[in-house]
Structure formats: structure tokens, C-alpha cells
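Student: I should like to go through this structure with you and ask, for each term, what justifies its use.
Tutor: Please do; each value can be set against its definition.

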Amino acid sequence: MTQCRMLNQVPRELNQWKNNLSYEIGGLFQYVGHLPSLVDIIPNVSAIQALINYWDPDASVFRFGMCELTPTLEELEGLLQVPGKGSPMIYPSGGTREQFCRFLGLRNNSLDQHPDARSCPLRFLYDQFGEKESFERHQIDFFITRGQWEEKRVQAFGLVLINLLLFPQRHGNVTFATINMIQCLFLGIRGTTPTLIPIVIADIFSALTNCQRKGGFFYASNLILQMWIMEHLAKRSLNPLGSCLLVENWIDSHRERVSRYYRVMSSSQFIEEFNNLTPEKVQWILDWTKVRDPAFRTTQHDFIPLAGVNGLVAYVPQRVMRQLDIAKHSYGTRG
């Protein structure tokens with residue numbers, strides 16, 4: 001079995017920061033949906049270690065005997081309740097320490113004690129933004145006012161969530177490389193909030209392929225992938241309202257739906273589960289999936305090229321139309 005390292009514990013500073021924000025966290029919803037609830041999900045590394053073995057990088061699907069499954073744009077959009085199809089797409093590009101500081105209202109020399117040119121510790125950002133008194137304690141490090149800091153405090157939490165839970169790094173620090181993506185998300189593109197979902201899926205696909213071939217670190221959201229596979233394993237009746245429940249927090253209720261899979265702690269147990277998977281045992285449609293007019297292809301290709309932090313991948317949802325409970329359609333955008 002291929003061994004791959006990944007996020008195995010949600011940092012306690014994220015829970016503290018979330019609790020400290022209280023009602024202010026609602027200001028993040030239009031950008032990241034219910035992503036803050038991800039801090040309450042316990043990583044199950046064994047599930048992902050087992051799952052990697054079933055990944056087919058050529059077809060971009062998991063193969064379980066006669067069953068093929070893959071994370072879809074519509075599933076992740078509905079799970080997180082974030083902007084999706086029809087929203088501008090963000091294209092990953094590098095960022096610098098200076099851009100990172102400018103976005104957060106920090107003076108460049110505030111990071112002098114952390115000379116790494118590519119990242120900074122989570123603890124540094126928690127000290128600067130995580131508590132109500134942080135501005136007064138570190139005022140010398142900012143070039144913005146207290147009122148501006150209040151807004152940046154919430155955005156800084158969103159920045160850290162995106163970095164550590166969607167695009168984690170081996171060293172566990174907050175990387176500067178995502179700052180252009182995050183600026184696009186919070187500042188908008190052509191006056192519209194863009195979507196991160198294609199990048200999240202692209203990086204999950206890339207991480208699966210890289211880990212299957214050579215091990216290493218899983219540079220993608222193992223928490224999102226873990227929730228996705230457990231939801232498909234937990235056979236149940238669909239909620240009749242499903243994705244019509246626009247304010248439903250499906251992440252908060254996730255553990256209740258799939259509780260038995262959080263008691264499975266070994267990869268061998270998950271492999272046994274995957275080996276015995278039949279079409280009758282799969283939860284094909286997830287309650288929140290945005291099944292109306294799904295994205296299947298571009299006008300030029302029978303697949304959709306998705307750009308992730310770690311390169312381009314082919315997204316081929318035509319292989320898993322049963323997950324979308326709909327006949328094949330074309331995606332009328334240009335590739």
C-alpha cells in the first residue's frame with residue numbers, strides 16, 4: 001500500500017480563532033460558504049491511504065469493481081455552499097511575502113522574526129488577528145486603522161482556512177503562494193465573487209496521482225476528500241428537499257450521517273470496505289448536489305481542463321453521470 005503523509009490534525013489555533021470571531025464569521029459565507037465548519041472534522045488518514053490505491057489517473061476516477069466515482073464540481077459546490085458554475089474562475093499564480101503583508105495590512109518588517117521567504121507560522125497570524133485585543137498588542141506591525149483591522153481579521157481567518165485546509169503544505173505553515181488566489185476571492189473578479197472549487201478538485205486529483213506513484217505529501221484537501229467518500233459509502237434515503245436547503249450546513253451534519261466510518265481506523269478495514277463495494281451499496285446522489293445543468297465538457301473537448309496549484313488535470317464527469325442523476329449534457333463554455 002502506498003504511504004502518503006497528509007494533514008492529520010486540525011490546528012487548535014483554528015478552533016480558537018473561529019470561537020473568538022463569533023457572529024463576525026458570517027461575513028465569510030459569501031466567499032467560502034461553510035468552510036469554517038471544516039475545523040470540526042477529525043482527519044481519518046487511514047481512509048485516504050486506502051483510497052489512493054483505487055485511483056485511476058488516466059480516467060480521473062476511483063474504480064471499485066464495477067463502480068466508478070469521482071468528486072464533481074456540483075458535489076463540492078453544494079457541500080460547501082460556495083459559488084460554483086457561472087462564477088468567474090480563479091487561476092492559480094504565485095505570490096510574494098510583500099503581497100501577503102499588503103493584503104493583510106501588515107508592515108513588511110512585521111515578519112522579520114520569520115525569515116522564510118515562502119511562508120509564515122500559523123501562530124504568527126493568530127497572534128496578529130486571532131483575538132479581540134490583537135490589534136492593540138501589535139499595533140506597531142500594522143499600517144491600517146483599527147476599523148480596517150476588524151475587516152482584515154475575518155479575511156485573515158479565511159486566508160488561513162484556505163491555506164491549511166484546502167491547500168495544506170508539508171511544513172504546516174501558511175504559504176504566501178496562494179495570496180493572488182485569495183485576493184481574487186475577496187476582492188472579486190469583474191464585480192463578482194469567483195469560485196475556488198475547480199482548483200480544489202484539480203489539486204485533489206494531482207495529489208492522488210502523485211501519492212499513488214511516488215508517495216510523499218498529499219498537497220490537497222484530504223478532509224474534503226474524506227467527507228466525500230464517506231458520504232458516498234453511507235447508503236441512505238435522500239433528503240426530499242436536498243440542495244433546495246440553501247442555508248443547510250451539510251458539513252455540520254456530516255458526522256451524524258456517516259458515524260460508523262469514523263470508527264474505522266485502519267487502512268485494511270477501508271480496503272475491505274472498498275473491495276466489497278457494489279452499485280447497490282453506493283450512495284450515488286448526495287443530497288446537496290447541484291444537478292441542474294451540470295458541467296460535462298467544453299465545446300472543444302469531452303473533458304474539462306482544470307487548473308490547480310500543482311498543474312492542469314483532466315476532469316471527465318461523463319464517466320460518473322449516475323452521481324448527477326441526469327442524462328449527458330454539454331458544457332457551453334469555451335475551453
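**Reasoning from values to terms**

Tutor: Let us begin with Q283, which is buried in this predicted model, with a relative accessible area of 3%.

Student: Why is Q283 called buried?

Tutor: The term buried requires a relative accessible area under 20%. Q283 has 3%, and therefore qualifies as buried. As to its place in the chain, Q283 lies in the loop between α13 and β8 (304–308).

Student: What makes the approach of the side chain of Q283 to the backbone nitrogen of R236 a polar contact?

Tutor: The cut-off for a pair of N or O atoms is 3.5 Å. The side chain of Q283 reaches the backbone nitrogen of R236 at 2.8 Å, and the backbone oxygen of I285 at 3.0 Å. Both distances are therefore within the cut-off.

Student: Which residues does Q283 contact, leaving aside its neighbours within four places in sequence?

Tutor: They are E231, H232, A234, K235, R236 and L238. R236 thus appears in this list and also supplies the backbone nitrogen reached by the side chain of Q283.

Student: How do you know that helix α5 is largely enclosed by the rest of the structure?

Tutor: Of the 8 residues of α5 (residues 97–104), 6 are buried, so the helix is described as largely enclosed. The buried residues are R97, Q99, F100, C101, F103 and L104. They pack against β5 (119–120), α6 (122–129), α8 (146–166), β6 (174–175) and α9 (179–187). Just after α5, G105 takes a positive phi of about 80°.

Student: Is F100 of helix α5 buried or exposed?

Tutor: F100 has a relative accessible area of 1%, which is under 20%, and therefore counts as buried. Not counting residues up to four places away in sequence, F100 touches C120, L125, L159, V174, T175, F176 and I179.

Student: What makes the pair D40 and K18 a salt bridge?

Tutor: The definition asks for a side-chain nitrogen of Lys or Arg within 4 Å of a carboxyl oxygen of Asp or Glu. The side chains of D40 and K18 meet at 3.0 Å, N to O, so the pair satisfies the definition. This salt bridge links distant parts of the chain: D40 is in the loop between α2 and α3 (45–51), K18 is in helix α1 (residues 12–21), and they are 22 residues apart.

Student: Why is K18 called buried, and why is D40 called partly exposed?

Tutor: Buried means under 20%, exposed means over 50%, and partly exposed lies in between. K18 has a relative accessible area of 19%, and is therefore buried. D40 has 41%, and is therefore partly exposed.

Student: Why are D127 and R123 said to be separated by about one helical turn?

Tutor: They are 4 residues apart in helix α6, which gives a separation of about one helical turn. An α-helix has 3.6 residues a turn, so residues three or four places apart point the same way. The side chains of D127 and R123 meet in a salt bridge at 3.2 Å, N to O. D127, at 30% relative accessibility, counts as partly exposed, and R123, at 35%, is likewise partly exposed.

Student: What places E273 and R260 in distant parts of the chain?

Tutor: Their side chains meet in a salt bridge at 3.2 Å, N to O. E273 is in helix α13 (residues 267–275), whereas R260 is in the loop between α12 (254–257) and α13, 13 residues apart. E273 is partly exposed at 22% relative accessibility, and R260 is partly exposed at 41%. Elsewhere, salt bridges that share partners join D56, R63, E68 and R319 into one network. A search of the whole structure finds 16 salt bridges.

Student: What makes the largest cavity a cavity, and which residues line it?

Tutor: A cavity is a space where a 1.4 Å probe fits but cannot get out. The count is 1 cavity of 30 Å³ or more, and the largest cavity has a volume of about 80 Å³. Its lining includes Y31, V32, L35 and L80. By class, the lining residues divide into 11 nonpolar, 1 polar and no charged. Helices α2 (29–32) and α10 (197–214) each supply at least two residues of this lining.

Note on methods. Residues are numbered from 1 along each chain as its sequence is written. This is a predicted model: local features need pLDDT of at least 70, side-chain atom pairs count only at pLDDT 80 or more; totals for chains, interfaces and linings use all residues. Side-chain values use heavy atoms; hydrogens and water are left out. On a 1 Å grid over the protein atoms alone, a cavity is a set of points where a 1.4 Å probe fits but cannot get out, and a pocket is an open set with protein on both sides within 12 Å along at least five of seven lines; lining residues have an atom within 4 Å of a point. Grid points are joined across faces, edges and corners, and a volume is the space filled by probe spheres set on the points. Ala, Val, Leu, Ile, Met, Phe, Trp, Tyr, Cys and Pro count as nonpolar, Asp, Glu, Lys and Arg as charged, and the others, Gly among them, as polar. Buried means under 20% relative accessible area, exposed over 50%, partly exposed in between (1.4 Å probe, protein chains only). Contact means heavy atoms within 4.5 Å. A polar contact is a pair of N or O atoms within 3.5 Å; within protein, one must be able to donate a hydrogen and the other to accept it, and residues adjacent in sequence count only if both atoms are side-chain atoms.
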